[in-house]
Amino acid sequence: QIHSCNLDQAMKIASLNSADKYDPELPLLQSRAYGGTLVMWKCQYDPYITLHQVQSTAFLPVLFHPPGSALSVHIAVYLPTLGQESEFLDELSKLSIVIDEISDANPAATFYLRGDFNVSQTNTKRTLLLDHFSTQHNLTQVIIPKPTYHHFVGNGKSDSFLDKILFSSSAPKPETLQTIEC
């Protein structure tokens, strides 16, 4: 974890959406940074990358448009955890609005969403919400055949399969998963 104000010292080609980005005094009050979303890319792609600024720490869209290729939108996702249901719904709604905004401005854009959606198969409400979100935006989910980590929720219980990979159903190059290294 890192505060936004320290990011430039640690990395050159990256963008971080964290709570202190919207509250500059937070690093003075908290020794530990809050979670957020971070996107990094190789420096040779810098001229073709545009950050789409959002007022959220739960996701971060990057528009990638190299010469001779169609625009693709890559969104890093870290939605609120179990027990924060209103925050989860709020952030999923914000994400939906941002996808609509980008789609309206770039109708041919292909979307790729990756990260921790905090939607477990055992949480039927969140699963239904993510299914509706995916249908609304014409997104296909890549099957991840095994849990990528366990999130402990208390009383010896844990959630798995929280990481998700979604992509535009009409993508010229569908997202695939070859191996998982844990």
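Author: A residue is called buried under 20% relative accessible area, exposed over 50%, and partly exposed in between (1.4 Å probe, protein chains only). The model is predicted: local features need pLDDT of at least 70, side-chain atom pairs count only at pLDDT 80 or more, and totals for chains, interfaces and linings use all residues. Residues are numbered from 1 along each chain as its sequence is written, and side-chain values use heavy atoms, with hydrogens and water left out.

Reader: Why does N123 count as buried?

Author: The relative accessibility of N123 is 16%. The cut-off is under 20%, so N123 counts as buried. N123 lies in the loop between β6 and α5 (124-136); helices (H or I, at least four residues) and strands (E, at least two) are DSSP runs, numbered from the N terminus. Contact means heavy atoms within 4.5 Å, and beyond its neighbours within four places in sequence N123 is in contact with L82 and E85.

Reader: What makes D90 and K94 a salt bridge?

Author: The term asks for a side-chain nitrogen of Lys or Arg within 4 Å of a carboxyl oxygen of Asp or Glu. In D90 and K94 the closest N and O atoms are 3.6 Å apart, so the pair qualifies. The two residues are four apart in helix α4 (residues 85-105), which means a separation of about one helical turn. D90 has a relative accessible area of 39% and is partly exposed; K94, at 28%, is also partly exposed.

Reader: How do you know that E91 forms a salt bridge with K94?

Author: Their closest N and O atoms are 3.5 Å apart, so they meet the 4 Å limit. E91 and K94 are three residues apart in helix α4, about one helical turn. E91 counts as buried, at 12% relative accessibility. D90, E91 and K94 are thus linked in a network of salt bridges.

Reader: Which parts of the chain does the pair E175 and R114 link?

Author: E175 forms a salt bridge with R114, with the closest N and O atoms 2.5 Å apart. This pair links distant parts of the chain, 61 residues apart: E175 is in the segment after β10 (163-168), R114 in strand β6 (residues 110-116). R114 is partly exposed, at 32% relative accessible area. The structure holds four salt bridges, including the ones described here.

Reader: What makes the charged end of R126 sit over the ring of F88?

Author: The rule is NZ of Lys or CZ of Arg within 6 Å of the ring centre and within 35 degrees of the ring normal. The charged end of R126 is 3.9 Å from the centre of the F88 ring, so the distance condition is met. The pair is listed as sitting over the ring.

Reader: Which residues have the most contacts inside the largest nonpolar core?

Author: Those are I75, L95, F111, L113, F117 and F133, in a core of 24 residues. The elements β4 (59-64), β5 (72-78), α4, β6 and α5 each supply at least two residues of this core, and α4 gives the most, with six. A nonpolar core is a set of buried Ala, Val, Leu, Ile, Met, Phe, Trp, Tyr and Cys residues joined through side-chain atoms within 4.5 Å, so F111, as a member, is a buried residue. Leaving out residues up to four places away in sequence, F111 touches V73, I75, I99 and I102, among others.

Reader: How many of the 182 residues in the chain, as a percentage, are buried?

Author: Buried residues make up 39% of them.
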